[in-house]
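The following exercises concern a predicted model. Each task is followed by a solution that goes step by step.

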Amino acid sequence: MLIRRHEFQDAYNKVHDLSFNCSVLIFASVCDCDAVCAHKILNSLFKLDSIAFSIIPVKDFEHLKSQADEHISDDEDRAIILLNCGATVDILKDLFAELSERSRVLVVDTHRPVHLQNVRTQNETVMVLYEDEEDDKLPDESVIREAEVEESDEDSEPEEDTEDQSPQRRRLDADDVHGAQRERRERRQRRAESGRLVAQYYLQGSYFGRAAGHTMFHLAHQLKKETTEILWLAIVSVTDQYVHNRLSHETYTLITSELQALVPECDSTTTLEDGTTVVTAADSVIRLECH
């Protein structure tokens with residue numbers, strides 16, 4: 001299921017409610033700074049809500065798959081969070097085939113393209129937090145559904161014996177046949193076009209969406225639990241993407257303008273939760289550092 005920004009809090013609340021009666025597992029990538037920042041923000045939120053969890057670091061898909069098989073081998077209810085991993089594969093088929101019906105998987109992953117099975121409306125188990133509104137390349141739900149409909153064996157229907165029918169009846173039957181053939185032809189065309197759009201979506205290649213830390217910051221903001229440290233972690237996530245050329249300069253400018261409006265009026269010194277003091281140079285080349 002696709003979760004847009006205005007729905008982040010509802011998705012988090014589902015995980016929160018499940019945490020009272022089941023275990024919470026976080027699978028987090030160890031391959032980038034963004035995932036570390038996203039985990040630290042989530043850790044802060046869970047601590048405020050007294051949610052116990054287990055963290056499982058993963059380095060690639062094979063490692064993620066092996067860890068999933070090791071920790072999820074029965075039908076016990078679970079709340080699972082994937083940080084910068086899992087979005088590009090069919091999660092219920094390739095990772096958690098034995099997941100119980102009441103379990104939920106929350107996905108916060110910057111990697112694209114997102115596998116379309118994860119964002120189907122009827123897939124209520126998987127919740128993908130998604131905020132690529134400015135560069136949204138996802139096909140419409142109707143296109144995804146149409147592309148998945150298999151061709152039925154419509155041409156194998158037996159023909160009626162028209163030998164004993166009147167000429168008028170035969171003309172009416174012929175009109176019906178032509179109409180049915182036209183409808184079948186139009187359905188095939190729609191399916192072919194939908195299949196082309198879905199194939200085009202996957203063939204665009206790998207790219208990156210919004211930083212996971214940035215997404216987690218907006219979740220904290222909706223929950224009214226954002227702090228200076230959480231804002232700082234979001235800034236680090238966005239900067240990490242920018243310096244590694246994972247987002248365009250235009251998108252970076254848009255995000256920084258958005259975050260600047262949320263930067264509190266404070267001096268250049270920030271004290272993090274662990275006691276670390278961060279002092280920003282006035283002439284820093286990283287735009288958001290100066291706030």
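**Exercise 1.** Determine which residue of β5 stands opposite Ile-81, and place this pair in the pairing of the strands.

*Solution.* Step 1: the residue of β5 opposite Ile-81 is Leu-106. Step 2: β5 spans residues 104–108 and runs parallel to β4, with five bridges joining the two strands. Step 3: β4 also pairs with β2 (residues 23–29), again in the parallel sense, over six bridges. Step 4: within that pairing, Leu-82 of β4 is the bridge partner of Phe-27.

**Exercise 2.** Establish whether the two faces of β4 are covered or open.

*Solution.* Step 1: in a regular strand, side chains alternate between the two faces of the sheet. Step 2: one side of β4 carries Arg-78, Ile-80 and Leu-82, and the other carries Ala-79, Ile-81 and Leu-83; all of these are buried. Step 3: both faces are therefore covered. Step 4: for the strand as a whole, residues 78–83, this gives six buried residues of six.

**Exercise 3.** Identify the salt-bridge partners of Arg-78 and Asp-77, and describe the setting of each pair.

*Solution.* Step 1: Arg-78 meets Glu-76 in a salt bridge, at 3.6 Å from N to O. Step 2: Arg-78 counts as buried because its relative accessibility is 6%, under the 20% limit, whereas Glu-76, at 38%, is partly exposed. Step 3: Asp-77 forms a salt bridge with Arg-102, with the closest N and O atoms 2.6 Å apart. Step 4: this pair links distant parts of the chain, 25 residues apart: Asp-77 lies in the loop between α3 and β4, and Arg-102 in the loop between α4 and β5.

Terms used
Residues are numbered from 1 along each chain as its sequence is written. This is a predicted model: local features need pLDDT of at least 70, side-chain atom pairs count only at pLDDT 80 or more; totals for chains, interfaces and linings use all residues. Side-chain values use heavy atoms; hydrogens and water are left out. Buried means under 20% relative accessible area, exposed over 50%, partly exposed in between (1.4 Å probe, protein chains only). Helices (H or I, at least four residues) and strands (E, at least two) are DSSP runs, numbered from the N terminus. Two strands pair if DSSP finds at least two bridges between them. A salt bridge is a side-chain nitrogen of Lys or Arg within 4 Å of a carboxyl oxygen of Asp or Glu.
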